[in-house]
Amino acid sequence: MSHHISNNFTSTSSNNQADLTTAKADIVAIKAKTDFLSITQNVNLDVIETDTLNNKLDVATLNSQLANSVASTLKTNIDANTSARTTNATNIANNLTIISGHTSAIGANLLARTQNATDIATNSASITTINNAYPRETTIRQFALTSGDIYNDGKIKFYWDAANRQLRFWILDIPSGQYTVGGVERWVGTGITRVANYISQNNSTYYHYFTGPQLGGAVLNSSFNLSSSYARATYFLTPYSTNDYPSYEIIVLVGYSAGYNTITIKRLI
């Protein structure tokens, strides 16, 4: 806006008057606009212009970032991550379901193992009951000239004494204070010899013979040796009064005296 009042005295007063009127109107208009401004310090319009330009640039940057958050690669990545999180949550839920199924299966297996252990114990007890309730028979071949244990059932063990050709025994588990009685019948050719008596008390600390009392140590009666061929001997052993110990019958068959004997052991109860 520019108004110039001429200094040319040749100008007419009417022209000057028109310029003054226009200038006054312009001043009034400017005043109307500046009445809304409150200025407490000096104003640098150049700085204001620069700051205004910078603000426009900042607004443009913010608009660009806003556009990125809505439709750019950043939004695509965020959406992909959100989808992946949803998929992961689904997978975790599925895995928890599978784990729950496995936990149930493991629990069932543990119960089955416990039941199996119970069944095994029951079956073992049943086997023990059957073994104790019914006769059992064991037949072996024993070389006549070789000594050694030939039978052990936890209650008794039998020993073949090759030096004296006789059967001996060792009590392993009988109630305290209880006796066993027993004996032997020997058949060689046409001759038969037999003997029976109480022969032990309590668990053994040495091998006993079947031929008489053996409370203070083993006592040999050589007349019952099976040193001849074509012979047979029948041994028996039974508890004197207790019901908590088995009975036994043993048969020894001799063909050749220096060969193999056939020995049959029967646990009767």
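This passage describes the fold, the strand pairings, the salt bridges and the surface of a single chain, as seen in a predicted model.

The chain contains three helices and ten strands, and these elements follow one another along the sequence in the pattern α-α-α-β-β-β-β-β-β-β-β-β-β. Of the 269 residues of the chain, 25% count as buried, while the chain as a whole exposes about 18000 Å², of which carbon and sulfur atoms supply 56%. When contacts between residues at least 6 apart in sequence are considered, 52% of them join residues that are at least 24 apart.

Helix α3 spans residues 73–133, and I99 has its place within this helix. Together with I92 and L96, I99 makes a nonpolar surface patch of about 300 Å². The relative accessibility of I99 is 48%, and I99 therefore counts as partly exposed, since exposed residues are those over 50%.

The strands can be described in terms of how they pair, and a general remark is useful here. Strands of a sheet pair through backbone hydrogen bonds, and the pairing may be either parallel or antiparallel. In this model, six strands form an open sheet, arranged in the order β1-β10-β9-β8-β5-β6, with antiparallel pairing. The edges of this sheet are formed by β1 (136–143) and β6 (191–201), each of which pairs on one side only. From one strand to the next, the twist averages 15°. Within the sheet, strand β5 (residues 179–188) and strand β8 (residues 231–239) run antiparallel and are joined by nine bridges, and R186 stands opposite A233 in β8.

Strands β2, β3 and β4 are also linked by antiparallel pairings. Strand β2 (residues 148–152) pairs with β3 in the antiparallel sense over four bridges, and D149 stands opposite Y159 in β3. The two strands form a hairpin in which three residues lie between them, and G154, in the turn, has a positive phi of about 90°. On the other side of the sequence, β3 is joined by six bridges to strand β4 (residues 166–171), and these two strands likewise run antiparallel; here K157 stands opposite W170 in β4. The hairpin formed by β3 and β4 has four residues between its strands, with R165 in the turn showing a positive phi of about 55°. Strand β3 itself, which comprises residues 156–161, is mostly covered, five of its six residues being buried.

Charged side chains add a further set of links. In general, side chains of opposite charge can pair when their charged atoms come close. The structure holds four salt bridges, and one of them is formed by the side chains of D173 and K155, with an N to O distance of 3.3 Å. This pair links distant parts of the chain, because D173 lies in the loop between β4 and β5 whereas K155 lies in the loop between β2 and β3, 18 residues apart. Both partners have an intermediate degree of cover: D173 is partly exposed, with a relative accessible area of 37%, and K155, at 21% relative accessibility, also counts as partly exposed.

Another salt bridge joins the side chains of D161 and R168 at 3.4 Å, N to O, and in this case both residues are buried. The side chains of R194 and E185 also meet in a salt bridge, at 2.8 Å, N to O. Here R194 is exposed, with a relative accessible area of 57%, whereas E185 is partly exposed, with a relative accessible area of 29%.

A last position to consider is T211, which lies in the loop between β7 (208–209) and β8. The relative accessibility of T211 is 10%, so T211 counts as buried, the limit for that class being under 20%. When its neighbours within four places in sequence are left aside, T211 is in contact with Q166, V184, V195, V219, N221 and F224.

Methods:
Residues numbered from 1 in each chain as written. Predicted model: local features only at pLDDT ≥ 70, side-chain atom pairs only at ≥ 80, totals over all residues. Heavy atoms only, no water. Patch = residues over 30% accessible without salt bridge, like charges linked within 9 Å, V, L, I, M, F, W, Y side chains within 5 Å. Areas by Shrake-Rupley, 256 points an atom, 1.4 Å probe, with all protein chains shown as cover. Buried < 20%, exposed > 50% of the residue type's maximum accessible area, 1.4 Å probe, protein only. Pairing = 2+ DSSP bridges. Axes fitted to C-alpha atoms, helices over the stretch in contact; angles between N-to-C directions. Contact = heavy atoms within 4.5 Å.
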